[in-house]
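Ready to get to know a new structure by working through it? Grab a pencil, open the viewer and try each exercise before you read its solution.

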Amino acid sequence: SGYHRVLEENRKLYNQVQDLKGSIRVYCRVRPFLAGSNRLSTLGDIEEGNITIITPSKYGKEGRRLFSFNKVFGPSATQEEVFSDTQPLIRSVLDGYNVCIFAYGQTGSGKTYTMTGPKEFTEQSLGVNYRALSDLFLLSEQRKDTFCYDVSVQMIEIYNEQVRDLLVTDEIRNSSQKGLNVPDANLVPVASTSDVIYLMNIGLRNRAVGATALNDRSSRSHSCLTVHVQGRDLTSGTILRGCMHLVDLAGSERVEKSEVTGERLKEAQHINKSLSALGDVISSLAQKNSHVPYRNSKLTQLLQDSLGGQAKTLMFVHISPEPDAIGETISTLKFAERVATVELGAARLNK
Ligand code: ADP
């Protein structure tokens, strides 16, 4: 049927995009209904890289809109399934690639769940951040006869265009090196998954310090875990450097200007500024402009080495299934669709 032909064409196109080195991969993830919410859903079919959204219509007839991505994870997808599709990208850090993984979506759509996990976590519910680090240790152990790897991490928060180091304790201060991209943030050497869990707990605690009951700041700040890897080839002595940014972005929801004043308005403006600066960098790379506006926000400055060129980028786009989220869901998916068609590789090669 026509519908299936469209699906097939979409799939072909997006597989081609996926194959391009340096392109942005986009994975969409739909979170399950939360306990207590009603079961009316905006979701139609989910099939491999395609998702259909059902939009209510004023005229009594439903609308349907098909979106295509490299992959769509439905509400029942497990953390393990989500990670296993991300693993090859993460592993390329040990081969000297720069990697950037974003979580994008409105507040409450599951960004933190994907990257970190739920508040009370079990081994099964651990997010991409933990799994990525354990996997890097596992792989470096497997390669220990040929490579010697040093791994260190940085954890920062960007709130109102201010960068705050989340890894600050006296103990860390005495053992860390100074970071590369964010000169003031501690870069802490790690040797095992338990080191990482220990540091991430410090980071999460420090992040919570900025929040009050009325102001859950985590939804209005970007948080970024950066992993630096240095590998020495034991035969040739050659050094490889790779870097990975794991970014939990601020909530992408549009704020009605009339509804916010003061501190909230300032926050909203800063979020809009950095998310649109990210969009501008991506589209300028796509248009192969010789000038890429990395310096327009703290976020894009931080990620400069990991966007464009040979860097590999993955965006997890999160949506909620509830009908009252439909407006944000559609605008999130439209943004994601634009990102998905971008090819990043050529910008620097053409210079
Ligand atoms: P965000 O970071 O986008 O604001 P959260 O990750 O905090 O959203 O998710 C909101 C709520 O939904 C949390 O209680 C979280 O545990 C839950 N949640 C999100 N995604 C999933 C999922 N895939 N499976 C189960 N619960 C989820």
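Below are some exercises on this predicted model, each with a worked solution.

**Exercise 1. Get the overall picture: how many helices and strands does the chain have, and what percentage of the residues is buried?**

Solution. Start with the secondary structure: the chain has eleven helices and 13 strands. Next, look at burial: of the 351 residues, 39% are buried. Last, check how far along the chain the contacts reach. Take the contacts with a separation of 6 or more; 69% of them link residues 24 or more positions apart.

**Exercise 2. Find the stretch that UniProt marks as a "binding site" and work out where its two ends sit.**

Solution. Step one is the record: the unreviewed UniProt entry puts the feature at Gly105, Gln106, Thr107, Gly108, Ser109, Gly110, Lys111 and Thr112.

Step two, take Gly105. Gly105 belongs to strand β6, which covers residues 98-105. Is it buried or exposed? The cut-off for buried is 20 or more other C-beta atoms within 10 Å, and Gly105 has 30, so Gly105 is buried. Setting aside neighbours within four places in sequence, Gly105 touches Gly110 and Lys111, and also Ser252, Val317, His318, Ile319 and Thr332.

Step three, go to Thr112. Thr112 is part of helix α4, residues 111-115. With 20 other C-beta atoms within 10 Å, Thr112 counts as buried too.

**Exercise 3. Describe the residues around the ligand: which are closest, and how do they divide by type?**

Solution. Count the shell to begin with: 14 residues surround the ligand. The closest are Arg31, Gly110, Lys111, Thr112 and Tyr113. Now sort the shell by type, and you get four nonpolar, eight polar and two charged residues. Finally, ask which element gives the largest share: that's α4, with three residues. Compare this with the record, and you'll see Gly110, Lys111 and Thr112 in the UniProt "binding site" as well.

**Exercise 4. Check whether the length of helix α5 agrees or disagrees with what you'd expect.**

Solution. Helix α5 runs over residues 128-142, so there are 15 residues to deal with. At 1.5 Å a residue, the expected span is 21 Å. The C-alpha atoms at the two ends are 21 Å apart, so the two values agree. While you're there, pick out the buried residues of α5: Val128, Asn129, Tyr130, Arg131, Ala132, Leu133 and Leu136.

**Exercise 5. Trace how strands β7, β8, β11 and β12 pair up.**

Solution. Begin with β7 (residues 147-159) and β8 (residues 162-165), which pair antiparallel over four bridges. One place to see this is Tyr159, which stands opposite Gln162 in β8.

Now follow β7 the other way. β7 pairs with β11 in the antiparallel sense over twelve bridges, and Glu157 faces Ser223 in β11. Strand β11 covers residues 222-233, and nine of its twelve residues are buried.

From β11, move on to β12 (residues 239-248): ten bridges join these two antiparallel strands. Among the partners, Val227 bridges to Met244 in β12. β11 and β12 make a hairpin with five residues between them, and Gly237 in that turn has a positive phi of about 80°.

**Exercise 6. Look at the turn between β7 and β8: what is unusual about the phi angles of Asn160 and Glu161?**

Solution. First, the setting: β7 and β8 form a hairpin with two residues between them. Recall the usual rule: most residues other than glycine have a negative phi. Now compare: phi of Asn160 is near 50°, while phi of Glu161 is near 60°. Both values are positive, in residues other than glycine. As for burial, Asn160 has 16 C-beta neighbours inside 10 Å, so Asn160 is partly exposed. Glu161 has 14 such atoms within 10 Å and is partly exposed as well.

**Exercise 7. Place Ser92: where does it lie, and which residues does it contact?**

Solution. Ser92 sits in the loop between α3 (87-91) and β6. With 16 other C-beta atoms within 10 Å, Ser92 is partly exposed. Leaving out neighbours within four places in sequence, its contacts are Tyr97, Val99 and Lys312. For a sense of distance, its C-alpha atom is 33 Å from that of Asp45, 47 residues away along the chain.

How values were computed: Residues numbered from 1 in each chain as written. Predicted model: local features only at pLDDT ≥ 70, side-chain atom pairs only at ≥ 80, totals over all residues. UniProt positions renumbered as here; feature names shortened; annotations may be inferred. Contact = placed C-beta atoms within 7 Å. Expected span 1.5 Å × (residues − 1). Near = placed C-beta within 6 Å. Nonpolar A, V, L, I, M, F, W, Y, C, P; charged D, E, K, R; others polar. Pairing = 2+ DSSP bridges.
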